[in-house]
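Colleague: Hi! Could you walk me through this one?
Modeller: Sure, let's have a look at it together.

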Amino acid sequence: MTKPLPLLVFPQARSLEPPKVTGFPPEMPHLPSRGRQVVRLAGQLSEVRQGFERYKASVGKSMAGLEPETVLVIEIAGSVEDFKQAIDATGLEWLGEWDIDELTPDDDFYFEPKIGVDFFKNNIAEVNNRKQSKSIHTALVEHQVIDASGRLTGKELDQLMLPPDAAHLLNDIQFALAKSKSKMLSGRLFVSMGNERAMQELLSLWERWQQNQVLPLGKTKWRDVFNQMVAIRRWGIEETLRETGMIDTWRDFLAHGDQQAIRCQIELFYRKSKAKRDQVERNLVTLIETAGGRILGNFIDMPEIAFHAVKAELSTQQIRELLSDLESDSKDTDIQLFKFHGVMYFRPTGQSLSSMESGEGVESEIPEEEIELPPVAAIFDGVPNLQHSALKGRLLFDDPDNLSAEYQPGERKHGTAMASLVIHGDITNGGHAPLSRLVYAVPIMQPDPHSDPQNRTEHVPEDVFFEDRIARAVRRMFEGEGTVPAQAESVCVINLSIGDPLRPFIHTPSPWARLLDWLSWKYRVLFCVSAGNYVENVDIGIPVPDFRTLTHEQKVKHTLQAMQENISMRRILSPAESINAITVGALHSDLSGNYYAHLRTDLLPNNSLFSPISRFGHGFRRSIKPEIMFPGGRQLFRTPALDGQTNYIIERSLGPPGQKVAWDSNQAGSSSQTAYSRGTSNATALATRSAARIYDVLDVLRTQHNYQIPQSLMSVLIKALLVHGAKQEPEAVRSIDGALKNSKKTGNFKEVVSRYLGYGAVDIERVLACTEQRATVLGCGEIHENEVHEYRFPLPPGLSGMKVWRRMVITLAWFSPINPEHRNVREAKLNLSPAKKWDEVQLQLARKGADHNQVLRGTVQHEVVEGSNQISVYQDGTDILLHVTCKKDATANLDMAIPYGLAVTLEVAEGTEIAIYEQLRTRLMPKIAVGAAIKAT
């Protein structure tokens, strides 16, 4: 084996003036006429007015002194820019906005499709070339089914209008044309708070608009809003209770529970005024006590993430009355608590955040060692067994609340297993070399006293917010607490192998996710977060004997199709949607080798695919989530006892297959047990371990090779390199393609693949070092809005004129500040692109892997480009120019420097006699390598 070679570093980037780019206006849907809008909206606005009057009257009777306000929800098709100013001018208080991706078109709002020459090739399976597609298009234009601009005229299509070789496709063509008119619309949802004066102002503007009068200065944006308004309503029980699943949760609880009280989390609209927030708190306390309930703990108020909430205990009598009211003809309730304008959501609370299999492991021999180097990795989890031989002397443990005292022997399983994986990796067959640095461990969970006494789960208590525990832990780590100094300022990456099972990601980031985003930005620290486990039964739809007769490939196809049927139930768990964090999914693989199946079944016998219990994306704004996958252990299922059954239950064995981890024994004093474990928690711990190894590699570049990599940019460079090693394995892509791609051509199937695989499985060894045929070059810096940083990637002269396979992988990662009031949330939008198109650069490369638009929606851009044809001849000294640009995304002015990390790898097939590494090294070394940009002269 050849000796691994160190990573390389770019010379200083040049800072260029941004090019002048003329943007295209967003595509707008067909809108109804003013007269039609008057008919459509008059009833809705009347209901808004009447609902407010009813609420005002009921408030006056039940709570003297409570100002009657209401929250308005305004749904529009298309976009209206700068609407916030119009809201402010009307006296309404802006509460936020959200994008809507799936507005169903109707006769009033729809996109007028444009049928181009390639339309039939892209939408009909049998039309497989542009020539035939063009002939169909030409025939339809000649017969005036389509006009010259590609719009449908409404004329009916018949078989005689088609070219002879396409006449048999009449039904397919008719279906494709009809489907083109059903394109889902995008729009926005605006939420604002209004009192009586603001309501009167809004209704006055509506009266003027419907009479075609000019709107007052500063309020003309309302003209566009009324033109594009799909719906207007008051925020009510549908949003506060139904969308969060509380109605069903409470109904189930009352059917099976016998307690006198029910606990929940109440999230409030975030008012900008502290005085208003205080008033909301006082009013809510009064309403809860009036309804026979009580407040649990303190209110949480985090302005950085616009989070204001409290936990409460409500009487079951009031919940029963509410459910009875909602089931009545009125579908409403007189209980003021559930109609209070300050409440945004009622949510479940007291959930378990982690659980492990019960039972004893086996004794194993693991060498102990005392470590002194300061930590770069931290673990926020349950309490680990500090005396276990795999962990003893290797953890810097910080337990300010003495949560350790809550545990009994054998209950430190999750924290022990995660620490074991971060430090040692999978310890099957002796494992890997342990980390050379301490790992900082902070408990944020504790045993749930209400869970099974024989196998207590871990949770955050019902009167505590996990957002508060995490914020406090990070602040204590970097700033200290009271008289206690900063505990671990050197940490660059934090492992979070937990998630909220009752809060799958839907549309907008949760407070927990927003908190991670803000902490990442403030402290420049990377969170590695698990995607979450799907632990429900899997119904594969065919009996046991039939499934057994399938080949491995057929089993994979059938299971993938079964999973696709309930894909919405497998969404990632909060806080995995965090924008700045790296989210980790689990691969269905491990090192445990062959195993005795007994009464167990492998539903996905393919090590290149995800684990059958791993959850899937997308993330916020359809970004790629989870970004990466690491091994999570092979998860088997119990074979149904009866041949006719089709439901498979997760097998929770402590034996193989799986990943071998340190195990907390029920026997006091036992400190060397191990067991086999599986899941996305494991995969995330391995990602954190890899991040710590990346830090060591970067530190060697600084200390032994004199590269200037600032400590403040280490975390974001680790983030880039962690994703840089990801690749969608061809076998996995083929399996998904064969199982899920429709017989008729689909839309963007790359997004479908990325939903299951992210950027792919990470081969961390490729990230840590180079070979003679593969060289990785690093860059990092801080960039301001409208800046362009130019990196020059020298082309190896040995490739000039050659016909060889070559691949370039480019990864750009950054930490963005967030704006929780803006629909985009992410304030900084970075992009990396070549100065020329990929197929125009000298290496003539073409995109592979993820969709080129989807990679721009998060805070990691990972591009893979390849080529195998003849390379044009170029002169030594030729460079590929790579431009990093920065634009604002959710802010009026981006006045902060944005930290980023960059990794670029060029490779040819191993064994090719072209010294890629050496040729790049000699062309990079004469220049001074630093991590910040300079102005071009």
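Colleague: How many bridges join strand β30 to β37, and do they run parallel or antiparallel?
Modeller: Keep in mind that this is a predicted model. Ten bridges join β37 to strand β30, which covers residues 774–783, and the two run antiparallel. One bridge pair is A775 with L906 of β37.

Colleague: Which sheet order are β30 and β37 part of?
Modeller: They belong to an open sheet of six strands, in the order β1-β30-β37-β32-β35-β34, with mixed pairing. The edge strands, β1 (8–9) and β34 (846–848), each pair on one side only.

Colleague: Let's zoom in on T905. Where is T905 found?
Modeller: T905 sits in strand β37, which spans residues 898–908.

Colleague: And is T905 buried or exposed?
Modeller: Buried, because its relative accessibility is 4% and buried means under 20%.

Colleague: What does the side chain of T905 make polar contacts with?
Modeller: One polar contact is with the side chain of H724, at 2.6 Å. Another goes to the side chain of T776, also at 2.6 Å. Leaving aside neighbours within four places in sequence, T905 is in contact with H724, R774, A775, T776, R807, M808 and V809.

Colleague: New topic: how many cavities of 30 Å³ or more are there?
Modeller: A search of the whole structure finds ten. The second largest cavity holds about 70 Å³ of space. Its lining has 13 residues, and the closest to its centre are I579, F620, S623, R857 and G858.

Colleague: How many of that second largest cavity's lining residues are charged?
Modeller: Six are charged, alongside five polar and two nonpolar residues.

Technical notes
Residues numbered from 1 in each chain as written. Predicted model: local features only at pLDDT ≥ 70, side-chain atom pairs only at ≥ 80, totals over all residues. Heavy atoms only, no water. Helix = DSSP H or I, 4+ residues; strand = E, 2+ residues; numbered from the N terminus. Buried < 20%, exposed > 50% of the residue type's maximum accessible area, 1.4 Å probe, protein only. Polar contact = N/O pair within 3.5 Å; in protein donor to acceptor, adjacent residues only side chain to side chain. Contact = heavy atoms within 4.5 Å. Pairing = 2+ DSSP bridges. 1 Å grid on protein atoms, 1.4 Å probe; cavity = no way out; pocket = protein on both sides within 12 Å on 5 of 7 lines; lining within 4 Å. Points joined across faces, edges and corners; volume = space filled by probe spheres on them. Nonpolar A, V, L, I, M, F, W, Y, C, P; charged D, E, K, R; others polar.
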